[in-house]
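Got your viewer open and a selection box ready? Let's take a walk through this one, stop by stop.

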Amino acid sequence: MAQTDNKLRIPETLRKVKSIVGVFSAKGGVGKSAIALQIALALRDKGFSVGLVDADIYGPSQPIMLGSSAGELKLSKAQVIEPLTKEGIKFISMGLISGENMPVIWRGPMVSGAVMQLLSQTDWGELDYLIVDTPPGTGDVQLTLLQRIPLTSSIVVTTPQEVSISDCKKGIEMIKRLDKPITGLIENMSWFQPDDQDKKYFLFGKGGGKKLSEEYSIDLLAQLPLVEISQDSNIQNHSLLKMEFVNIAEKLVDSLKALKEKKSSGIPQINIIK
Ligand SMILES: Nc1ncnc2c1ncn2[C@@H]1O[C@H](COP(=O)(O)OP(=O)(O)OP(=O)(O)O)[C@@H](O)[C@H]1O
Ligand SMILES: [Mg+2]
């Protein structure tokens, strides 16, 4: 088959998006959504135009964290979805389509089709960064995102314990197999320090993220503490984390710049693996 047949067209709505970054982890509940949002907010604070996609149809959490509901969404006559603007970032979620309380009983291919549609039918306009918060697992949705969305790079999230590390390996293997760059690994819930003590507690073990980063030669971008969270599940205002996300955003910006210089042609074309 000719080389050009293996290339996918970039959806029209994503053409003015300079970089697309997927936040992955094969393991559920490790903090992908919280981290995706904090990275988006840290990039916004640096003056960039930022979008956030919540691609989790089974458990969309961004609408809760951003205080938005399905009623706010507007569909234009041209079948294009207008993203919401929350906290200064453009935002869309499967939760805004299906409704927070609607049980979702869709099959894999239907779900990945819906995620693709959501991403490509949203009028993103011009964006410096689009962050994609992915659902847990290494199934259809992740595969579709990696194969059909022109991801510039990815970030992988794990917690320190063995069950997460071993799931996370599957995620890394999948991203590598599909030839997508990984900007780095974030170890979340690495340690806990009570306000009234100097001692740090490593509740979920120690060193898992570092070992994983060494095994795959991936940068360990941060080891984030477990902190007390607010009722809306937002970890945003915690001073311990604020600086961490400034650093992560800086590392991401630098890494994407380096990637682009290497490729010198903006968002990469996608090679489909048969
Ligand atoms: N460093 C942290 N300290 C305290 N709580 C955290 C931290 N990181 C995430 N959380 C909380 O842990 C819960 C799970 O996080 P989150 O929903 O971001 O995980 P996830 O990986 O996106 O989960 P899922 O796989 O279900 O999508 C949330 O309530 C979140 O606020
Ligand atoms: Mg999530």
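## Start at helix H7

This is a predicted model. Select residues 208-216: that's helix H7, which lies across S8, S9 and S10 and runs at about 160 degrees to S9.

While you're here, show the side chains of Lys 210 and Glu 214. They form a salt bridge, with the closest N and O atoms 2.9 Å apart. Both residues sit in H7, four residues apart, or about one turn of the helix. Lys 210 is partly exposed, at 46% relative accessible area.

Now add Lys 169 and Glu 215, whose side chains meet in another salt bridge, at 3.3 Å from N to O. This pair links distant parts of the chain: Lys 169 belongs to helix H6 (residues 162-177) and Glu 215 to helix H7, 46 residues apart. Lys 169 is partly exposed at 26%, and Glu 215 is partly exposed too, at 48%.

## Down to the sheet

Switch to cartoon and find the open sheet. Its eight strands come in the order S5-S6-S2-S7-S1-S8-S9-S10, with mixed pairing. The edges are S5 (84-86) and S10 (220-223), each of which pairs on one side only. From one strand to the next, the twist averages 25 degrees.

Zoom in on S8 (residues 153-158) and S9 (residues 182-187): they run parallel and are joined by five bridges. For a landmark, pick Val 156, which stands opposite Leu 185 in S9. Next, bring up helix H1 (residues 32-45), which packs on the sheet and touches S1, S2, S6, S7, S8 and S9. The direction of H1 makes about 170 degrees with that of S7.

## A charge inside: Asp 54

Select Asp 54, in strand S2 (residues 50-54). Which side chain of opposite charge is nearest to Asp 54? It's Lys 32, but that is 9.7 Å away, and the buried Asp 54 has no salt bridge. Look instead at the backbone nitrogen of Gln 62, 3.1 Å from a polar atom of the Asp 54 side chain. Beyond its sequence neighbours, Asp 54 has contacts including Phe 91, Met 94, Leu 118 and Asp 133.

## Last stop: the S5 edge

Select Lys 86 and Glu 72, a salt bridge with its closest N and O atoms 2.8 Å apart. Lys 86 is in strand S5, while Glu 72 is in the loop between H2 and S3, 14 residues apart. Is each partner buried or partly exposed? Lys 86 counts as buried because its relative accessibility is 16%, whereas Glu 72, at 29%, is partly exposed.

Notes: Residues numbered from 1 in each chain as written. Chains lettered and ligands numbered in written order. Predicted model: local features only at pLDDT ≥ 70, side-chain atom pairs only at ≥ 80, totals over all residues. Heavy atoms only, no water. Helix = DSSP H or I, 4+ residues; strand = E, 2+ residues; numbered from the N terminus. Buried < 20%, exposed > 50% of the residue type's maximum accessible area, 1.4 Å probe, protein only. Lys, Arg positive; Asp, Glu negative; His and termini not counted. Salt bridge = Lys/Arg side-chain N within 4 Å of Asp/Glu carboxyl O. Polar contact = N/O pair within 3.5 Å; in protein donor to acceptor, adjacent residues only side chain to side chain. Contact = heavy atoms within 4.5 Å. Pairing = 2+ DSSP bridges. Axes fitted to C-alpha atoms, helices over the stretch in contact; angles between N-to-C directions. Lists of a residue's contacts leave out its neighbours within four places in sequence.
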